[in-house]
Amino acid sequence: MTISLEALRRCSIAVDLGAARTRVYLRRTGLIVDEPTVAAVNTHTGGLIAVGTPAQRMTGRTPAHIRVVRPVSNGTVVDIEMAQRMLRLLLGNKLRRAWRRRPLVSAAVCVQHDADPLAQRAAMETLIGIGAKRVELVDTLIAAAVGCGLPVERPEATMIVVCGAATTQVAVLSLGSIVAAERVPVGGETVDHAVVQHLRNEHALMLPSQAVHPLHLIVKDSVGGADGAQTVQSAEVHGRDVATGLARTVRIDIEGVRTAIRTPLTGVLDAIGTVLRRCPPDLVADLADRGIMLAGGSAVLPGFDTMLREATGMPLNIADHPDVCAVEGLGAMLDGKVQPLLLDAMVS
Ligand SMILES: Nc1ncnc2c1ncn2[C@@H]1O[C@H](COP(=O)(O)OP(=O)(O)OP(=O)(O)O)[C@@H](O)[C@H]1O
């Protein structure tokens, strides 16, 4: 994928259409949208009832005539029309004033590493549908590395792991370009599914989708001792009995949930190993000191950082704002805050 900072500086907005969240950065203004990539539709009229947070709250609680849809799946726009309608509503009149000064001529959008031509086309058409005359596609890994403040333009290796909702992308960068990268279909959604399956198998309990995130927080808070020991051993969760269908509360073992979270994340370790094997030894040696930068909303999953640290033996840092790294990085490129050397290196 070829991109130039010159072209990016002409863009008015930067967009990250993720499987879980949609983020929009307005040039010289900052993040103006950070909402769930969700829309609620009236199946009788086809009209949009809600988008973003209100639509997500309806998940699993809708009557027959309302359907909650996700126009982005596995990091790819799968329903272009719905994505456009959702974006228009999320943006509302936030762009109108900026557009009056300078009509939206170009937009930049993050796409997954190695996105196929169909996925690239879908991202472009979505933005064209909301008024962009030109769309620049930027690899999420480069945008996220810039957003994390990694010195990607230097002739030394930096490693980034972007763990989102549907996928995890791993890359080693040097001189502003990707040297080796890998994408695996493992993310926050896979982990949530593993937790739901664990409770179903071990406790015959169906956990509501909205209850998974609070459970992550309980697991995270369960480690509190001075030596990092687990202080809370169990917790109460509410759900539906698999057999009777009745509401039920069970006391669950925190360690079991922790193991359920960790199991799918081993796929990320395989991806890191693959990327390292594809890198020249000099770059791998750089990484021994510099370590790994962990970004993406799922970077804060309980125990994920410790697992990566122990398995790789490398230092690991979680980005300051891991969930918004990609869109913030893209925004920095629009605002001209990225060093010129990177520009030369990124134009291939
Ligand atoms: N505090 C938290 N604890 C655990 N998981 C979290 C937390 N905050 C966010 N997540 C997870 O992060 C994921 C969303 O991450 P992110 O916003 O990077 O996804 P995305 O960019 O929409 O996805 P993708 O890159 O796969 O398209 C969700 O699966 C969510 O459950």
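**Notebook: loops, strands and a ligand shell**

**Entry 1. L175.** I began with L175, which counts as partly exposed because 16 other C-beta atoms lie within 10 Å. The model I am reading is a predicted one. I located L175 in the loop between β12 and β13 (177-184). I then looked up its backbone angle and found a positive phi of about 50 degrees, although L175 is not a glycine. I noted for comparison that most residues other than glycine have a negative phi.

**Entry 2. D114.** I turned to another residue with a positive phi. The phi of D114 is near 65 degrees, and D114 is not a glycine either. I found D114 in the loop between β9 (106-111) and α5 (117-129). I counted 14 C-beta neighbours inside 10 Å, so D114 is classed as partly exposed.

**Entry 3. Strand β17.** I asked which residues of β17 lie on each side of the strand. In β17 (residues 292-295), I292 and L294 are on one side, while M293 and A295 are on the other. All four are buried, and both faces of the strand are thus covered.

I next looked up the partners of β17. Strand β11 (residues 158-163) runs parallel to β17 and is joined to it by 4 bridges. Within this pair, I160 stands opposite M293. Strand β18 (residues 316-318) also runs parallel to β17, with 3 bridges between them. Here I292 has L316 of β18 as its bridge partner. I recorded that strands of a sheet pair through backbone hydrogen bonds.

I then followed the chain from β17 to β18. Helix α11 (residues 304-312) forms, together with β17 and β18, a right-handed β-α-β unit.

**Entry 4. N317.** I selected N317, which belongs to strand β18. N317 has 16 other C-beta atoms within 10 Å and is therefore partly exposed. I also checked its separation from I160: the two C-alpha atoms are 9.8 Å apart, although the residues are 157 positions apart along the chain.

**Entry 5. A second sheet.** I examined an open sheet of 3 strands, in the order β14-β15-β16, with antiparallel pairing. I asked why β14 (205-206) and β16 (247-253) each have one side without a neighbour in the sheet. Both stand at the edges and have a single partner strand each, so one side of each is left without a neighbour. I counted 7 bridges in the antiparallel pairing of β15 (residues 234-241) with β16. One residue pair I looked up is H238 with its bridge partner T249 in β16.

**Entry 6. The ligand shell.** I asked how many residues surround the ligand. There are 20, and the closest are G18, A20, G164, G188 and G297. The elements that supply two or more residues to this shell are α7 (188-203) and α8 (212-221). I sorted the shell by type and obtained 6 nonpolar, 11 polar and 3 charged residues.

I then asked where the ligand lies with respect to domain 1 and domain 2. Domain 1 (5-146 + 325-346) and domain 2 (156-319) both give residues to the shell, so the ligand lies between them.

**Entry 7. A database record.** I consulted UniProt, where an unreviewed entry lists A165, A166 and T167 under "binding site". I placed A165 in the loop between β11 and β12 (168-174). I asked whether A165 is buried or exposed. A165 has 25 C-beta neighbours inside 10 Å. The cut-off for a buried residue is 20 or more, so A165 counts as buried.

Terms used: Residues numbered from 1 in each chain as written. Predicted model: local features only at pLDDT ≥ 70, side-chain atom pairs only at ≥ 80, totals over all residues. Buried ≥ 20, exposed ≤ 12 C-beta atoms within 10 Å, placed from the backbone. Pairing = 2+ DSSP bridges. Right-handed = clockwise from strand over helix to strand, strands pointing away. Near = placed C-beta within 6 Å. Nonpolar A, V, L, I, M, F, W, Y, C, P; charged D, E, K, R; others polar. Domains from an automatic or database assignment. UniProt positions renumbered as here; feature names shortened; annotations may be inferred.
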